[in-house]
Amino acid sequence: IKQIILASRPKGMPDKDNFKTVEITLPELKPGEVLVKPRYLSVDPYMRGRMNDAKSYIPPFQVGQPLEGGGVAEVTESKDAQFKAGDLVMSTGVRPFLPWATAAIFPGGDLRKIDSSIPPTTYLGILGVPGLTAYFGLLDIGKPKAGETVVISGAAGAVGLLVGQLARIQGCRVVGIAGGAEKVKMLTDNFDFDAAIDYKGNPDMSAAVATACPNGVDIYFDNVGGEISDAVITHLNFFARIPLCGQIALYNSTEVPIGPRIQPIMITRSILMQGFTIGNYATRFGEGVKYLSELIKAGKLKYTETVEEGFELLPDALLGLFSGKNSGKMIVKV
Ligand code: NDP
């Protein structure tokens, strides 16, 4: 079988040399074990952090070992009576752990069957980590009220598209920030955003935010950080909330990123900023999935995904997240 391993740790933006494809032979299946083939693997921005040798909320990838992440796999052979060939499975744990491999062996207890009547990729997107991140980040931390203005950075990505739609459902005015004319058109035309700003074509982001948000900003759902956030923060209203979800603009920084001191604005306007990782909400995932599933059934939530086909494209797809190659969830079909 093939595996893609971490060949070396990147400095700054990773490139293809940080990955290597190797061939290995898997051992014979033991009683209680299941052989699976990954069908859809998720590539996600947080994986960049795991390429560093740094202590975090999730352990780093090891050099010489396959990368791993979320995914949906198909059982091809089973010595656990709970599973049979053809079953679609995911991990039981909160931590995503399918290796970047064309096949892998797991104890049956580490796997759970998924409902094959639902498109399998939705478990990686709208009903998976991005969906839950949007739901808990917006509703639990952002606490939107009808009539408020919500600004979302990284708005055309997996999390951002959902935050926008959920905020609209709450009766908010929704403004998205994304890179490129095509993406901002998609936000307003296909996803019902009230306005959208192309940060790539905009020399004065602060003025663009002011124009798009005539009543100021009540919630800033931040996926990106850096200069985009600097431009939004000066337009925040009294008692604004910032669910701090991601800082993708900084993940490849080689120096400590610096920017304006925002604390005086936060004090004088009583602004709340709260960082979170979705694992904090693990005991409430059922509630999130139920909420999102009902909206999907009612036709009130849309999603899109970028699916790259071919195991060998995993590194490209991961790197593509940092150049905005994706609209909605980025997935590799193995
Ligand atoms: P996306 O689908 O949004 O993909 C990443 C997008 O980020 C790209 O498409 C690109 O869009 C944008 N981007 C990349 N580099 C930059 C840059 N330098 N400046 C501005 N935009 C950039 O990924 P996800 O929806 O999965 O994740 C979005 C954010 O949420 C990430 O920061 C991620 O780390 C975070 N996250 C946090 C979680 C948590 O538990 N806190 C859970 C899941 C995700 P564009 O073309 O518009 O530039």
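I count a residue as near the ligand if its C-beta atom, placed from the backbone, lies within 6 Å of it, and I keep in mind that this is a predicted model.

**Ligand shell**

I looked up the surroundings of the ligand and found 31 residues around it, with G157, A158, G179, G246 and G324 coming nearest. When I asked which elements give two or more residues to this shell, I found α2 (129-142) and α3 (158-169). I then sorted the shell by residue class, which gave 18 nonpolar, 11 polar and 2 charged residues. I also checked the domains, and the shell takes at least three residues from domain 1 (2-125 + 304-333) and at least three from domain 2 (129-279).

**The sheet of six strands**

I traced an open sheet of 6 strands with parallel pairing, in the order β12-β11-β10-β13-β14-β15. At its edges I noted β12 (195-198) and β15 (272-275), each of which has a single partner strand, so one side of each is left without a neighbour in the sheet. Ignoring direction, I read an average turn of 15° between neighbouring strands of this sheet.

I followed one pairing in detail: β13 (residues 217-221) and β14 (residues 236-244) run parallel and are joined by 2 bridges. For I219, I found the bridge partner in β14 to be R241.

**Helices across the strands**

I looked next at helix α4 (residues 181-190), which lies across β11 (173-178) and β12 and runs at about 170° to β12. Helix α6 (residues 226-233) I found lying across β10 (149-153), β11, β13 and β14, with a direction at about 165° to β10.

Technical notes. Residues are numbered from 1 along each chain as its sequence is written. This is a predicted model: local features need pLDDT of at least 70, side-chain atom pairs count only at pLDDT 80 or more; totals for chains, interfaces and linings use all residues. Helices (H or I, at least four residues) and strands (E, at least two) are DSSP runs, numbered from the N terminus. Ala, Val, Leu, Ile, Met, Phe, Trp, Tyr, Cys and Pro count as nonpolar, Asp, Glu, Lys and Arg as charged, and the others, Gly among them, as polar. Domain bounds come from an automatic or database domain assignment. Two strands pair if DSSP finds at least two bridges between them. Axes are lines fitted to C-alpha atoms, for helices over the stretch in contact, and angles run from 0 to 180 degrees between N-to-C directions. Two residues are in contact if their C-beta atoms, placed from the backbone, lie within 7 Å.
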